[in-house]
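Student: Could you take one topic, the salt bridges, and go through it with me slowly and closely? I would like to know where the partners sit and how each term is defined.

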Amino acid sequence: AVTTGVTVRRATSSAMSDADATSRERALRRDLADMKLRADADDAAPERGGGDDGSGGGSGSALTPNATFLANAGMVPRPNSPLVDRAPIVVVKVGTSSLLKGGIGGHLHLSNFGMLAETCADLQRQGMKVVVVTSGAVGVGCQVLNKKKPSDLAGKQALAAVGMVRLMRMYDDFFQSVGQPIAQVLISLDNIMDRQQYMNAQSTFRSLLAQDIIPIVNENDTVAVQDTKFGDNDTLSAHVAALVDADYLFLLTDVDGLYTANPNTNPDAVRIPVVENIDELEVSTADAASSGSGLGTGGMATKLTAARLASASGCNTVIMHARDLPEMPDIITSSKSVGTLFLAMPRPLRGRKRWILLLPTTGDIVVNANAAKALENNKSLFSTGVIATRGDFAAEDGVRIMTVDHDTGEERDLGRAITNYSSEEMESFAGKTSEEFYEIVGYSGAESICHRNNICCWVPFGQEPSSCNLVGLGDRR
């Protein structure tokens, strides 16, 4: 089974013997050495690539600062951790329903603000780094002006401008009361789409986290237009988690996690504690939106999308109720089962490939089963593997890669890619052999439809995560 999640090694008493400590240190060094061997093997593989375009990356076998932190906390570093030489990074997304009470005529949820500030400050004191992604600007604006949520974009942007002032004032007051400095960061989808802006934003986050400052992130609603909006802050939080190489993404809401059915209407609904592969889920989110305040934009469907993005980036995702905020440290350090945990991929995407996965798409390329298998093993896509195209896209646009299951006939979302040819060009040579492809193209173009360095699958290298090594999952509530 693929090793993932957090493996816990805890002392049975407060005072460990020297032999126990030595044994644990040896185990930690052995795990790190194994990680080094795997990373070296990945870097040497010709089909994987390395550095900014691959998903590999080595690390030393000596005890690193992060390894020391994890050893003190009784943990072994996760093999799929984005980096093993720095403190764990935690992204916390707070929904509108967790920040507001009573809808338009209501008020801010002060107790949740207090719990959030105390929990984040506690994580920082334990040596972790925290990023908060906040919703609620439009909702707070509605409460301040006592107006209904408008349907037009300009009206929402105006209320967001009003609400963000009040929202940040509350964040500043509560976090300063626990001695934790914060910073405001506004991001638009344009910043993510542009590679240079993406890297600049990454540098800003690293600088803030290095100074033990907690960034409070929201979408830059007042300047974003409809075509360049994240749409909801669940998706934004997944982008931020990928941007900062987070180990955990917590999606706080007003439900206890993902259920087999809507618990508000079905008394037989059961919480799902762990999800290894989102594609294998057999749940419906059609009526699973949270009860909420009526002022939010997300629901369970957007949270599943966010979990999928974060998982492919090597980040474990937890959907949980906001009232369980104090449980967050135990979830990270002891694998306590609260809410629903979506496991990170064991060989997550890195660098530019991770950025490609986050790009918006303008069309689809449908591939056959052989091509799908090759793509999941980090191969390029050629014309012979293309069944059809959908949408109107140009060369160098982002596209979805879809494949069809022969048994069920259902389509499966394989991942994302940057295409070398437009949809109009591809209509003429879809399914053609290499010889026919060159004759049809009529010029010396790229050999592949999408190069492997520009293809990102949701399940990188076809390796799915496994929960078999997670300790503490028996502690279910």
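Tutor: Let us start from one residue, Lys303, which counts as buried at 5% relative accessibility; buried means under 20% relative accessible area, exposed means over 50%, and partly exposed lies in between, with a 1.4 Å probe and protein chains only. Keep in mind that this is a predicted model, in which local features need pLDDT of at least 70 and side-chain atom pairs count only at pLDDT 80 or more, while totals for chains, interfaces and linings use all residues. Residues are numbered from 1 along each chain as its sequence is written, and side-chain values use heavy atoms, with hydrogens and water left out.

The side chain of Lys303 meets that of Asp234 in a salt bridge, at 3.2 Å from N to O, where the term requires a side-chain nitrogen of Lys or Arg within 4 Å of a carboxyl oxygen of Asp or Glu. Because Asp234 belongs to helix H9 (residues 233-243) and Lys303 to helix H10 (residues 300-312), this pair ties together parts that are 69 residues apart in sequence; helices (H or I, at least four residues) and strands (E, at least two) are DSSP runs, numbered from the N terminus. Asp234 is buried as well, with a relative accessible area of 1%.

The structure holds 13 salt bridges, and another of them joins Asp212 to Lys129, at 2.4 Å from N to O. Here Asp212 lies in the loop between helix H8 (195-210) and strand S8 (214-219), and Lys129 in strand S6 (residues 129-134), so parts 83 residues apart in sequence are tied together. Asp212 is partly exposed, at 38% relative accessible area, whereas Lys129 is buried, at 18%. Lys336 and Glu327 also meet through their side chains, at 2.8 Å from N to O, and Glu327 counts as buried at 18% relative accessibility.

Finally, salt bridges link Asp364, Arg390, Arg400 and Glu411 in a network. To place two of these residues, look at the open sheet of five strands, which has mixed pairing and the order S14-S13-S15-S16-S17; two strands pair if DSSP finds at least two bridges between them. Arg390 falls within strand S14 (386-391), which stands at an edge of the sheet with a single partner strand, so one side of S14 is left without a neighbour there. Glu411 falls within strand S16 (residues 411-418), which pairs with S17 in the antiparallel sense over three bridges.
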